[in-house]
Amino acid sequence: MRAVLTWRDKAELCIYDLAFKPDGTQLILAAGNRLLVYDTSDGTLLQPLKGHKDTVYCVAYAKDGKRFASGSADKSVIIWTSKLEGILKYTHNDSIQCVSYNPVTHQLASCSSSDFGLWSPEQKSVSKHKSSSKITCCSWTNDGQYLALGMFNGIISIRNKNGEEKVKIERPGGSLSPIWSICWSPSREEHNDILAVADWGQKLSFYQLSGKQIGRDRSLNFDPCCLSYFTKGEYILLGGSDKQVSLFTKDGVRLGTVGEQNSWVWTCKVKPDSNYVVVGCQDGTISFYQLIFSTVHGLYKDRYAYRDSMTDVIVQHLITEQKVRIKCKELVKKIAIYKNRLAIQLPEKILIYELYSDDSSDMHYRVKEKIVKKFECNLLVVCADHIILCQEKRLQCLSFSGVKEREWQMESLIRYIKVIGGPPGREGLLVGLKNGQILKIFVDNLFAIVLLKQATAVRCLDMSASRNKLAVVDENDTCLVYDIHTKELLFQEPNANSVAWNTQCEDMLCFSGGGYLNIKASTFPVHQQKLQGFVVGYNGSKIFCLHVFSMSAVEVPQERKKRGETNNDLFLADVFSYQGKFHEAAKLYKRSGHENLALNMYTDLRMFEYAKDFLGSGDPKETKMLITKQADWARNINEPKAAVEMYISAGEHVKAIEITGDHGWVDMLIDIARKLDKAEREPLLMCAYYFKKLDNPGYAAETYLKIGDLKSLVQLHVETQRWDEAFALGEKHPEFKDDIYVPYAQWLAENDRFEEAQKAFHKAGRQREAVRVLEQLTHNAVVESRFNDAAYYYWMLSMQCLDIAQDPAQKDMMLDKFRHFQHLAELYHGYHAIQRYTEEPFSFHLPETLFNISRFLLHSLTKDTPLGISKVNTLFTLAKQSKALGAYKLARHAYDKLQDLQIPARFQKSIELGSLTIRSKPFHDSEELVPLCYRCSTNNPLLNNLGNVCINCRQPFVFSASSYEVLHLVEFYLEEGITDEEAVSLIDLEAPRHKRENKWQEIASNNSQTLRLDETMDSMGDDDPFTAKLSFEQGGSEFVPVVVSRSVLRSMSRRDVLIKRWPPPLQWQYFRSLLPDASITMCPSCFQMFHSEDYELLVLQHTCCPYCRRRIDDPSP
């Protein structure tokens, strides 16, 4: 930073204060009892203003530039217009020390030795407030909400717009440290308002609005008289008893001197939005300086380091645009960068940084070394292991520890130095001197190599990638290119200020100057394009340029120059396009037969209207392509709705749908889908996909119907679990049945609705899955002792096996399974009552029922005992109920059987006690309990070795599925040749019977007893032909079924016959009731028999069949 004096003037009296007009054109100074108005451009005194009778101490300009105010020792404040006319005057009781305008409301604060006043254009009067001490300075916050007052007793008082004190700050020195100047930072970047305070304790300090100090006090070593910020708050000016103005950072770091004076500096200000500073002194001197901030920077390939805010270094990666800030907190004097090294010179030391890693995009630097020593140098260069300092003619090489290793003395002043690479510790330096000499120096070699000598001084140098050519810019702005080996001048170009070779292409270089960037390829003519600034690097197709303080990368076309194409029109068109002469370029493209390049140029530049004009009424395909490109652009600049409309007009429906769907615009998607033809399957399918994604299955279904994609429609219904629609579709199109019921079954299973899932699998024809679900349900029910559920699931399994048995290939196996599962269902249904009796505290069944069930189970469990069924529980129940009902012999037998089994501890005492007490009972069973066979009227034993059949006629007993009593039913079979339909029709006839006297004829012989029914009208016999059929041959071990003829069927009454109408391949089963008055009910679904009264009661309790759970309101059998 250096200060250049622009103009200077001398007033007769001390300059106590000054103020700039906000537009910077005028300067108002307080000099003696007058105000002096200067033109800031050349220092012309425009007009002195007289109005005060005593010394003017302060002056301030309103932010809007309409008026300014002055305060004087004559105790008055005068308000002036921008036309330099006094319009208002008011007074205080003491001399006016300072005035300040509110930047927002233009309210004026005027402060005296004993009070301060607030005046605004709207008010007629001034509101005054007393002060405990002399007010020396004041400043408003940026938002105009608060006014800070600096006082002689070392206190800062922060007031609101009404003058009420909100914060009070006491400086440590008290009255020994009078506050002499304060100013709020105008920076918009800070989150908090920051107040800079300069006191005569020779300290600079900073405070927040809350009164909290920021950082520590900064020692000044002089009494400060004035403090002011630059317009954007980046720097601070301070002047006072040291007879100079100093520049500080916003954090209080001293950067340098602006201008030295001959007397105390009472005021200094910065011209608004500029780097001009004005200084007012005790002796009346007015000095106007321009501050020039030089660029301190360094570049190596794609890394650029530069100084920011005088104390920071920013390293920028020119390719990735990444930036990293290094805060030095001191004035940065020089910067050098090379590979992974960065050197920063500060006033008292040099810092050497290195990258954390070798990654080319890594931007993290850490301190490697510190050389704590003050150096004076013009140029600074860093290598892998050394620092190179250049001071006029002398070049010094220092190690990172600060030890001087080598020194070179040149013949003339060094004007340019650059590292051109090499192994670590042996790098080469390119040095240009003022006398035109160009040298190459190796850091490990004392001897410099003279490359060539030219007549003019060197300004800039660069060596080509292969080290064969040298480019020099001299002081006459001429770019000269030499062959290093032959020293021959290859060519020269005028108007150059800097030059750079392409690091990838040997024959390409660029140079800048005169507002143009010039690119030279081999022997081709120079290509020019407009560019402000200096070229500092050329890498591939990118040229790095520095303009003022910013570095930018310029993309430059180079391929055709390398190839040396011969089509001049085409080449010229490219040149015109890069120069911004687009219409001329388009004409040349058309003339050379490359209309497509003109279109590409217009579309790349987003000049779609020009492109359409260029096409005219040409090929519609080209127009469509153009609209598509326009839509692509609209999409890229985040104008999706416009892009959709363009895509639709270009016929690019898929892209339009994609954008619409991604943004969730359902209404627009509906319009597109309805306008599309049903033949356009791909866009319609995409519409349906987005409808599904956006949770609008109704529109998706409409779209699938439009294109006739029923399979996708089915999948949609299944995915959205709209089962009713899916089932309706399945009814119309049975081929999709599998696609509907299988997912439906899986969904039911996932929602713990396993029984419904099993039915759905069955309906879908997935018998294996249906059976697997049922088997798992059954196993779970048994393991969890839910035996009624197990019975139900086994019954369902049996019915599924019967369904599968219709397949001839599986008939025999499935029928065996059917009978096995039916048997298990009956066992578990019965055992449910036993389990509840033994496990639960209260019995839900009558003793007779438990007695019958336990007998039924013991008769059935002749071979293996199914999982979950306990013989101990069954025998224990039988023993207890037998004893209670008087079947003592059976009870004793049950207790004896229990002795052979492993008995749970909870039954142990009860069984032992029962075994003892039963001995006291008679050894016989009550005759009332003995079961009767209704075919042969034989009394059967309570424990039957044959099982649940008659010991005499072998007729199987038919049990009630609730009470397990033997029902008065006898199963009969049809004679061969009689079909089920014929049998039912014969039974329904109910032919009238003739009265007969004798029903039975008994014939006794030595070996057998025979009952015979005489069917002749005249013979003795029974009037019921069926009764005759009940006879059998005595003493036989084989079961002889009852077989009836047509005449017997005809004689039967419909109400006496019960038919189990099994589905094929099973035969129907026929049962005849022998006690017609005792009503029996058969469930039409599971064909289980019940006493009608029991069945009705159970149905009322459960609203369904207790066995198969068929609901009473279910019409299907």
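**Close-up views of a predicted model**

**View 1. Strands β56 and β61 sit side by side.** Strand β56 (residues 969–974) and strand β61 (residues 1069–1073) run antiparallel and are joined by 4 bridges. Strands here, like helices, are DSSP runs numbered from the N terminus (E, at least two residues, for strands; H or I, at least four, for helices). Look for Leu969, which has Ser1073 of β61 opposite it. This is a predicted model, in which local features need pLDDT of at least 70 and side-chain atom pairs count only at pLDDT 80 or more, while totals for chains, interfaces and linings use all residues. Residues are numbered from 1 along each chain as its sequence is written, and side-chain values use heavy atoms, with hydrogens and water left out.

**View 2. A mixed sheet surrounds that pair.** Step back a little and you meet an open sheet of 4 strands, in the order β59-β56-β61-β60, with mixed pairing. Two strands count as paired if DSSP finds at least two bridges between them. At the edges stand β59 (1042–1044) and β60 (1057–1060); each has a single partner strand, so one side of each lacks a neighbour in the sheet. On average, neighbouring strands of this sheet are turned by 40° against each other, direction ignored. For such angles, axes are lines fitted to C-alpha atoms (for helices over the stretch in contact), and angles run from 0 to 180 degrees between N-to-C directions.

**View 3. Here is an antiparallel sheet.** Its 4 strands form an open sheet in the order β18-β19-β20-β21, paired antiparallel. The edge strands β18 (179–184) and β21 (213–219) each pair on one side only. Neighbouring strands of this sheet are turned by 15° against each other on average, direction ignored. Within the sheet, 6 bridges link β19 (residues 194–199) to β20 (residues 203–208). To find one of the partners, start at Ile194, whose bridge partner in β20 is Gln208.

**View 4. This view shows an annotated repeat.** An unreviewed UniProt entry carries the annotation "repeat: WD" for residues 49–80. Such annotations may be inferred rather than shown by experiment; positions follow the numbering used here, and feature names are shortened. In the model, residues 49–80 are 59% strand and 0% helix, and the end C-alpha atoms of the span lie 10 Å apart.

**View 5. Two cysteines appear without a disulfide.** A disulfide is a covalent bond between the sulfur atoms of two cysteines. Here, one is counted when a pair of cysteine sulfur atoms lies within 2.5 Å, and the structure holds 0 of them. For Cys390, the nearest cysteine sulfur is that of Cys377, 7.9 Å away. Cys390 counts as buried at 1% relative accessibility. Buried means under 20% relative accessible area, exposed over 50%, and partly exposed in between (1.4 Å probe, protein chains only). For Cys479, the nearest cysteine sulfur belongs to Cys460, 8.6 Å away. Cys479 is also buried, with a relative accessible area of 0%.

**View 6. Phe576 is at home in a helix.** You will find Phe576 in helix α2 (residues 568–579). Leaving aside residues up to four places away in sequence, Phe576 touches Lys581, Glu584, Ala585 and Leu588; a contact means heavy atoms within 4.5 Å. Gln529 is 47 residues from Phe576 along the chain, and their C-alpha atoms are separated by 9.6 Å.
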